[in-house]
Amino acid sequence: GREKKADGPKVLKVGTEVTFPPFEFREQGSKEITGFDMDLIRAIGKKLDMQVEILDMDFEALIPAVKRGNLNLVIAGMTITKDRQKIVDMSEPYYTSGLVLVVGKGNTAIQKPEDLKGKAVAVQIGTTGEVKAKQLTGEKVRGFKTNEEVFNALKEKTVEALIIDKPVAQYFINKHHPDVVIVGNTFETETYGIVMRRHGELTPKINKALAELKNSGEYDRIYEKWFGK
Ligand code: ARG
């Protein structure tokens with residue numbers, strides 16, 4: 001007879017938000033979702049002998065979807081924070097990052113975080129950048145669903161600055177927006193983690209697979225593919 005396996009889903013339903021290059025994005029003209037996170041989660045899927053199904057959603061909808069059980073996990077350049085850990089499990093860190101301030105070239109009015117007071121700043125809704133922008137501007141924050149919209153708002157000068165993760169800022173500047181610049185250093189260090197249901201059986205499995213990929217050198221190969229040596 002047919003036996004039912006008791007070891008969880010064979011298909012991993014993975015949520016992400018695809019305007020976050022080089023972690024998750026679509027190459028121009030392509031439907032396929034690619035990036036560092038995508039390679040990492042596919043490698044993890046292989047280790048767990050599970051099929052990976054990627055679903056693109058609004059960033060702010062990702063954690064609620066894990067909580068409801070509509071997704072098995074999320075990989076989306078998501079920063080490990082105390083607030084998120086109250087709602088979901090987060091894996092061991094897999095990438096070290098931080099937020100930066102970005103302005104139009106030649107904007108001399110904004111040279112440090114304190115200069116943002118009262119200024120309009122663009123962010124992606126639901127991100128740590130949104131939290132930071134609210135602290136620094138005193139609530140004058142314009143939230144957008146996608147990071148394309150965040151950068152376009154700066155280009156069209158409907159905002160004076162934006163706040164986003166540094167590697168993503170660098171990617172957008174290099175590929176699409178040579179007319180904007182990063183101001184200063186990153187705010188505090190942030191690390192990214194994979195999101196899973198709280199106290200679920202997946203958490204130790206994902207952490208184990210991640211550790212194995214780090215030990216075998218496979219993590220390093222994926223890292224070098226996207227970020228160089
Ligand atoms: N690291 C930031 C955060 O956790 C931004 C992540 C945005 N990710 C994305 N796929 N759009 O809030």
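Contact here means heavy atoms within 4.5 Å. The model is predicted. By that contact criterion, Leu40, Ala43, Ile44, Lys47 and Leu48 of helix H1 meet Lys205, Ile206, Ala209, Leu210, Glu212 and Leu213 of helix H7. Classed by residue type, this H1–H7 contact has eight nonpolar, three charged and no polar residues. H1 also packs against helix H8 and lies across strands S1, S4 and S5.

**Helix packing around H1**

- Two packed helices are described by the angle between their axes and the distance between the axes.
- H1 covers residues 36–48, and H7 covers residues 202–216.
- The axes of H1 and H7 cross at roughly 105 degrees and come within 9 Å.
- Angles of 65 to 115 degrees count as roughly perpendicular, and H1 and H7 are therefore roughly perpendicular to each other.
- H8 spans residues 218–227 and packs with H1 at an angle of about 160 degrees, the axes being 9 Å apart.
- Angles over 145 degrees count as roughly antiparallel, and H1 and H8 are therefore roughly antiparallel to each other.
- The crossing in which H1 passes H8 is right-handed.
- On the H1 side, Phe36, Asp39, Leu40 and Ala43 take part in the contact with H8.
- On the H8 side, the residues met are Glu218, Tyr219, Ile222, Tyr223, Lys225, Trp226 and Phe227.
- By class, the contact of H1 with H8 has eight nonpolar residues, three charged residues and no polar ones.
- Leu40 and Ala43 of H1 appear in the contact with H7 and also in the contact with H8.

**The five-stranded sheet**

- Five strands form an open sheet with mixed pairing, in the order S4-S1-S5-S13-S6.
- Its edge strands are S4 (51–56) and S6 (89–90), each of which pairs on one side only.
- S6 and strand S13 (residues 195–196) run antiparallel and are joined by two bridges.
- Within this pair, Met90 stands opposite Val195 in S13.
- H1 lies across S1 (11–16), S4 and S5 (73–74), and runs at about 150 degrees to S4.

**The β-α-β unit**

- Strand S8 (residues 121–124) pairs with strand S9 (residues 141–144) in the parallel sense, over four bridges.
- One opposed pair is Ala122 and Arg142, the latter in S9.
- Together with helix H4 (residues 128–137), S8 and S9 make a right-handed β-α-β unit.

**Backbone exceptions in loops**

- Most residues other than glycine have a negative phi, and most peptide bonds are trans.
- The peptide bond from Pro21 to Pro22 is cis, and its omega is near 0 degrees.
- Pro22 is located in the loop between S1 and strand S2 (25–26).
- Asp49 is not a glycine, yet has a positive phi of about 60 degrees.
- The loop that holds Asp49 lies between H1 and S4.

Technical notes: Residues are numbered from 1 along each chain as its sequence is written. This is a predicted model: local features need pLDDT of at least 70, side-chain atom pairs count only at pLDDT 80 or more; totals for chains, interfaces and linings use all residues. Side-chain values use heavy atoms; hydrogens and water are left out. Two strands pair if DSSP finds at least two bridges between them. Axes are lines fitted to C-alpha atoms, for helices over the stretch in contact, and angles run from 0 to 180 degrees between N-to-C directions. A crossover is right-handed if, with the strands pointing away from the viewer, the path from the first strand over the helix to the second runs clockwise. Angles under 35 degrees count as roughly parallel, over 145 as roughly antiparallel, 65 to 115 as roughly perpendicular and the rest as oblique. A crossing is left-handed if the near helix is turned anticlockwise from the far one by less than a right angle, and right-handed if clockwise. Ala, Val, Leu, Ile, Met, Phe, Trp, Tyr, Cys and Pro count as nonpolar, Asp, Glu, Lys and Arg as charged, and the others, Gly among them, as polar.
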